[in-house]
Structures are given as structure tokens and as C-alpha cells.
Amino acid sequence: MASPQPPSALLRTLPVAGLLALIAGISWPLRATVYRSVAPSVAASPVGSALAGAFAQYGPLLLGVLAGVLAVSSFWRERAVFWRLVSGGVGVIGASVLSTLLKLLVTEERPCRVWDVETVLACPSVGDWSWPSGHSTVAAALATACIIAAPRTAWFAVPAAVLAGAARLAAGVHYLHDVASGLALGAVVVALVVVLLRPLAARLPVARGR
């Protein structure tokens with residue numbers, strides 16, 4: 001299947017990001033109720049806590065592995081796909097930096113510091129702010145970069161990103177609106193960067209490697 005052109009990819013990403021932003025906005029007034037219902041329930045479940053802890057910590061890493069495999073294979077087989085992935089990688093870095101800056105500006109306290117409930121993961125240190133979720137941002141950014149480069153990866157990238165984000169709530173270190181905002185941020189930034197870098201990527205060599 002041919003990869004979508006960058007402008008088309010951005011148009012396809014915006015509705016998804018808009019839906020995530022809507023979820024973030026709706027869930028914000030209910031953040032305490034949702035958090036106090038989900039986090040302790042997952043922590044009390046041996047299976048649920050193990051899965052939530054694993055995805056919360058290593059979810060983005062799985063997507064990083066996917067991006068690495070795609071980078072190697074596309075470099076030798078489809079150089080145009082490789083350069084789109086590289087453009088997406090620039091977007092991943094940009095999304096991560098922007099997420100960090102927003103954390104420093106908003107300074108939302110972690111829910112595990114506000115509410116005295118049992119959580120799967122230990123609460124991050126003081127000054128490690130909550131909104132938006134950095135893990136969710138990176139997970140969505142990596143997933144978007146892979147999907148724009150190779151749409152066939154969506155079957156893995158989409159659920160992996162969603163699970164990585166949801167696990168941050170389940171593990172007790174984020175509110176739902178932190179996660180939804182992070183997913184939206186990562187997806188939009190990567191799609192936008194790919195569009196902006198399209199003229200440069202078009203000038204790069206597309207001959208297949210040996």
C-alpha cells in the first residue's frame with residue numbers, strides 16, 4: 001500500500017487529534033472521579049497491575065522498536081518511505097520537547113501526589129509535572145511517524161500507542177486528560193512537521209540501497 005502524502009496525512013490526523021482533545025476537555029472536570037476509580041482498582045489486581053506497569057513503562061519503547069525496524073527495512077527497500085520516517089522522527093523530537101515545555105508552563109501536580117490512593121507505579125519526584133503526559137506524547141508521535149511512512153504498521157502502532165497512554169492512567173501517574181492531550185499533541189506535531197519538511201525530503205535521494 002502506498003504511503004499517504006504528507007498533506008493528506010495531516011488531514012487524516014487532525015480529526016483523530018480533535019477527538020482526543022475533546023476527550024481531554026470532557027474528562028477534565030471528572031479527572032478526580034475517573035482517576036480514583038481506575039488507579040486503585042488496577043493496583044488491586046495482580047494481572048491488571050502487571051500489565052499496566054509494563055505498558056506504562058515500556059509502551060513507547062515498543063513503538064521505538066517498530067520505528068527502528070521500519071527505518072532499516074525502508075532504507076534498503078523504499079528510500080522515500082525512509083525519508084518520511086526521518087521527517088517523522090524530527091517531529092517526535094519536537095513533540096517531546098514541546099511536551100516538556102508545556103509541563104513547565106502548566107505545572108499540574110501529579111494525581112498520585114494529590115490523592116492518597118494505591119498505585120501501580122511509584123509517584124514521580126516533585127517537579128515532574130503531569131500535563132500533558134510525556135509518555136503518551138512520545139507514543140503517539142512514534143505511532144504517527146510509522147503510520148505516515150508505512151500505513152500497514154497501523155494495526156500495531158495504533159493499539160500500542162493507545163495502550164501506552166491508557167496504562168499511564170491505570171498505573172496511577174496521570175489523569176485521563178493528561179493522556180488524551182499527550183496523544184493528541186504527539187500526533188499533530190509529527191504530522192505537521194512531516195508536511196513542513198516535505199520540500200526538503202523531496203530533494204533527498206530515493207534510490208534503493210544495495
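Start by selecting Ala17, which sits in helix 1, the run from residue 6 to residue 27. As you look around, keep in mind that this is a predicted model. Ala17 is buried because its relative accessible area is 5%, under the 20% cut-off. Leaving out residues up to four places away in sequence, the partners that Ala17 touches are Ala184 and Val188. For a sense of distance, add Pro159 to your selection: 142 residues separate it from Ala17 along the chain, and their C-alpha atoms are 15 Å apart.

**Into the core**

Next, bring up Leu63, Leu70, Leu85, Val92, Cys146 and Val190. Within the largest nonpolar core, which has 27 residues, these six touch the most other members. Colour the helices and you can see where the core comes from: helix 3 (46-77), helix 4, helix 6 (134-149), helix 7 (154-170) and helix 8 (176-196) each give two or more residues to it. Helix 6 provides the largest share, with eight residues.

Zoom in on Leu63. Which residues does Leu63 contact, once neighbours within four places in sequence are left aside? They are Ala139, Leu142, Ala143, Cys146, Ala157, Ala160 and Ala161. Another core, of eleven residues, lies apart from the largest one, and your starting point Ala17 belongs to it, with Tyr175, Leu183 and Ala184 also among its members.

**Out to the surface**

Now select Ile93 in helix 4, which spans residues 79-106. Is Ile93 buried or exposed? Ile93 counts as exposed, since its relative accessibility is 57% and the cut-off is over 50%. Add Val97, Leu98, Leu101 and Leu104, and you have a nonpolar surface patch: together with Ile93 they make up about 460 Å².

**Past the end of helix 4**

Move along to Thr107, in the loop between helix 4 and helix 5. Check its backbone here: phi is positive, about 50°, although Thr107 is not a glycine. Thr107 counts as partly exposed, at 36% relative accessibility.

Then show the side chains of Arg110 and Asp128. The structure holds one salt bridge, and this is the pair that forms it, at 2.9 Å from N to O. The salt bridge links distant parts of the chain: Arg110 is in the loop between helix 4 and helix 5, while Asp128 is 18 residues away in the loop between helix 5 and helix 6. Try a surface view on both partners. Arg110 is buried, with a relative accessible area of 4%, whereas Asp128 counts as partly exposed at 31%.

**Along the loop to helix 6**

Select Trp131 and Pro132 next. The peptide bond joining them is cis, with omega at about -10°. Pro132 is in the loop between helix 5 and helix 6.

The last stop is Ser133, in the loop between helix 5 (111-114) and helix 6. How much of Ser133 is accessible? Its relative accessible area is 0%, so Ser133 is buried. Show side chains again and you will find a polar contact of 2.9 Å between Ser133 and Ser136. To finish, display what surrounds Ser133: beyond its neighbours within four places in sequence, it is in contact with Ser99, Lys103, Arg168, His174, Asp178, Val179 and Gly182.

How values were computed. Residues numbered from 1 in each chain as written. Predicted model: local features only at pLDDT ≥ 70, side-chain atom pairs only at ≥ 80, totals over all residues. Heavy atoms only, no water. Patch = residues over 30% accessible without salt bridge, like charges linked within 9 Å, V, L, I, M, F, W, Y side chains within 5 Å. Areas by Shrake-Rupley, 256 points an atom, 1.4 Å probe, with all protein chains shown as cover. Salt bridge = Lys/Arg side-chain N within 4 Å of Asp/Glu carboxyl O. Helix = DSSP H or I, 4+ residues; strand = E, 2+ residues; numbered from the N terminus. Buried < 20%, exposed > 50% of the residue type's maximum accessible area, 1.4 Å probe, protein only. Core = buried A, V, L, I, M, F, W, Y, C linked by side-chain atoms within 4.5 Å. Contact = heavy atoms within 4.5 Å. Polar contact = N/O pair within 3.5 Å; in protein donor to acceptor, adjacent residues only side chain to side chain.
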